[in-house]
Amino acid sequence: MATSKSRTSSFSCNLTAVPLSNMPGLKYGANGTVFISSGIPDLDKILGGGFALGSLVMVMEDAEAPHHMLLLRNFMSQGLVHKQPLLYASPSKDPKGFLGTLPSPRSCKVDKDKSRDDDPEQEGLRIAWQYKKYFGEHQQTVDNTRGGKHEYCNDFDLRKPLERHFLSGQHIDCVSILHNSDLVALHDRCATFFTQFPRNDGSIASAGRIAIQSFCAPQCEYSNLEWDMLSFIRSLRSMIRSSNAVAVVTFPPSLLLPSVSKRWQHMADTLLSVRAIPDKELANLLTGYQDMVGLLNVHKVACVNTQVPVILDATTFSIKLQKRRFLVLECLNQAPIDGASGNSYGTSASCSSSSKTRTHLDF
Amino acid sequence: MAESICRALRDGALEGEHAPALTIRDSLASPFGFDVFTHVLTQLSSNILAGKSQSGGLVLVAFTRSPSFYMRLLKMRGIDVASSRKWIQILDCYTDPLGWKDRLVDSGNITSLSKEASTGESSCKNIKDMAKLFTSIIELGKGLVGQGKVRFCVAIDTVDEILRHASISSVSRLISNLRSNDQVSSIFWLLHSDLHEDRVAAVLGYMSSIVASIERLNQSANGQICNSENLSLLERNYWNGKLHVRFKRRNGRVRVMQEEFHVEQSVISFTTLSPGDELINRSLMPKVQFSLQLSEKEQNDRAKVVLPFEHQGNGKPIKIYDGRRSLEDSQDEATSVSTGALETVDNSSKGEIIYLRDSDDERPDSDEDPDDDLDI
């Protein structure tokens with residue numbers, strides 16, 4: 001029945017359920033796009049399959065919370081599990097140390113089925129006035145039965161570090177951008193990385209992942225060269241178009257001038273932002289507040305080979321850690337308040353006192 | 001708030017984690033940043049001396065006051081400075097930050113310089129060189145606590161002075177190097193935010209785990225006319241202020257706290273914020289077009305409203321109100337009005353629903369479904 005499917009799937013969604021059998025890390029999508037997983041099952045669903053090959057994903061960090069690291073960790077782990085080559089650049093002195101914090105895929109299937117049936121106290125009459133969040137549950141059980149060792153997207157256990165044998169490949173490259181006085185070296189590094197995955201009309205040999213963390217971090221010497229950074233992003237985007245790779249770049253927009261930050265946001269094919277939750281401030285307005293660690297906003301979703309834009313049901317999601325181990329994204333359930341004055345959330349719920357931008361929580 | 005800040009700095013860093021960093025920022029509206037800085041410094045010093053803190057020593061990088069000033073200040077606050085060589089080292093960047101005096105002596109213009117009696121301090125002659133500053137701080141710290149596992153704290157008087165001579169990226173590199181150094185337990189500094197562009201404050205906030213802002217207490221007092229009465233009020237209010245703290249917690253949440261402070265002869269004291277100033281909770285309830293709260297009187301009135309279809313339980317036959325005033329009602333009303341003078345209290349407290357029909361031409365129950373057959 002069409003009504004039992006969640007509304008995020010369009011009528012062309014049947015194609016997105018087809019993974020390539022010989023390459024579990026890739027999935028065919030609509031309009032000839034090929035997706036790789038972001039490492040977070042909920043995010044893949046929201047984005048309609050994952051990150052499209054050849055696209056640039058940018059994540060706007062919040063200066064007050066390290067949630068972008070969660071996204072990066074899952075992204076990098078997923079690539080390593082699927083043996084996709086990885087290039088990681090970070091402003092720390094020893095980027096290789098970060099690899100030690102990558103999570104491992106969830107081991108036991110049994111846990112997965114049980115975890116979705118929580119809320120044991122809700123027996124008897126359940127008033128499902130926020131009925132949309134229950135649609136997804138039906139589909140979860142369908143997906144779980146399709147087991148197999150090589151899944152397109154794994155659930156990552158953030159408490160378990162990735163096993164050594166995943167990290168010992170030749171295909172992991174870590175670069176520190178702390179002491180770079182300009183971006184030429186990083187640009188050349190990325191260019192050589194992309195030569196491994198040229199895009200031609202034939203079959204896809206392998207897909208690559210680039211993760212650049214905190215691109216405009218103030219410790220880096222090049223961080224005051226705004227135009228150089230912008231032109232690096234632009235050339236990264238053009239290089240990635242002609243290759244089978246995905247790049248995820250995180251940056252803190254509060255450290256840039258608003259006009260510069262806007263330009264960077266326009267450069268992205270898929271734009272996400274993570275925000276911290278001030279303690280107790282939003283407790284009255286949101287249900288399930290205690291489990292939330294942060295908020296994720298989806299600003300833009302890549303539409304490749306199509307002129308039809310992707311319009312999502314909801315753009316704000318809460319980041320929760322299930323059992324403090326597994327990253328899940330949930331739609332925000334707001335308390336029933338008059339929604340016409342939607343802007344009141346923007347003014348009262350702005351998280352950072354020093355930020356000038358009005359964040360707009362839209363449900 | 002000030003307590004929590006001092007506690008966070010005292011507890012220091014966990015293994016494998018960056019050291020906690022505090023930014024104290026103030027502005028001309030409420031320029032008591034230095035008092036907060038000295039308060040934190042005093043608290044941390046007493047914790048170090050009592051052995052309660054993770055760190056065994058403190059390195060103070062002094063830019064705006066001389067080292068002897070700090071010694072006097074600590075002595076006045078009751079900290080034991082006799083043994084200061086064991087637990088505090090002051091890097092003197094105040095006397096000659098750019099090395100001019102040395103150059104004057106070298107060029108022969110001045111024969112000798114008067115030197116203050118030093119108590120175990122060393123000086124920095126070139127604050128433009130961030131790498132040198134970093135190594136001096138680390139060396140001083142190691143001199144205090146040795147090479148082993150014991151850590152030391154770093155306090156930077158103001159970051160403004162460094163920012164005059166070095167770029168924000170080199171200062172942030174210095175801070176991040178200090179934070180990631182294994183032997184640094186915690187680090188804190190003062191910033192006068194109106195001396196710099198917004199970006200500088202944003203960068204320093206990004207690099208720190210606690211941001212304490214000093215603000216004026218009554219923001220609404222800005223537009224007051226200056227006359228003699230207000231002047232004394234303004235002057236009294238000047239010495240009070242609000243300390244607004246944002247903690248970045250390990251689980252990714254931000255804790256926001258506020259506290260009031262009062263400065264009396266350069267000694268600062270903290271009190272909890274009076275409820276009138278708690279703007280945080282007020283702004284949370286979204287603005288809607290109807291009020292969600294009922295006052296006491298409104299609640300009473302609501303309880304007294306006679307609902308049209310409900311059994312009132314007072315023995316009268318049930319009458320379904322259809323908008324027309326029937327003959328009986330008007331008679332009842334007439335009698336009640338006449339006795340109204342005697343029973344004003346009862347009548348006035350009875351709630352009523354007054355329904356004015358649009359026009360009298362309209363027949364009652366003109367829709368297909370007459371209400372008369374309702375048997376309630």
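Student: What pLDDT does chain B average?
Tutor: Chain B averages a pLDDT (the predictor's confidence in each residue, from 0 to 100) of 78, and 72% of the residues score at least 70. This is a predicted model, where local features need pLDDT of at least 70, side-chain atom pairs count only at pLDDT 80 or more, and totals for chains, interfaces and linings use all residues. Residues are numbered from 1 along each chain as its sequence is written, chains are lettered from A and ligands numbered from 1 in the order written, and side-chain values use heavy atoms without hydrogens or water.

Student: Where is confidence lowest in chain B?
Tutor: In helix 11 (residues 279-282) of chain B, with a mean of 46, whereas strand 6 of chain B is highest at 94. Helices (H or I, at least four residues) and strands (E, at least two) are DSSP runs, numbered from the N terminus.

Student: How do you know that the span of helix 8 of chain B agrees?
Tutor: Its 13 residues (168-180), at 1.5 Å a residue, should span 18 Å, and the end C-alpha atoms are 18 Å apart, so the two agree. The expected span is 1.5 Å times one less than the number of residues.

Student: What makes helix 8 of chain B largely enclosed?
Tutor: Of its 13 residues, 12 are buried, so the rest of the structure largely encloses it. Buried means under 20% relative accessible area, exposed over 50%, partly exposed in between (1.4 Å probe, protein chains only). Among the buried ones are B:Arg173 and B:Leu174.

Student: Why does B:Tyr355 count as partly exposed?
Tutor: Because its relative accessibility is 44%. B:Tyr355 lies in the segment after helix 14 (344-349) of chain B.
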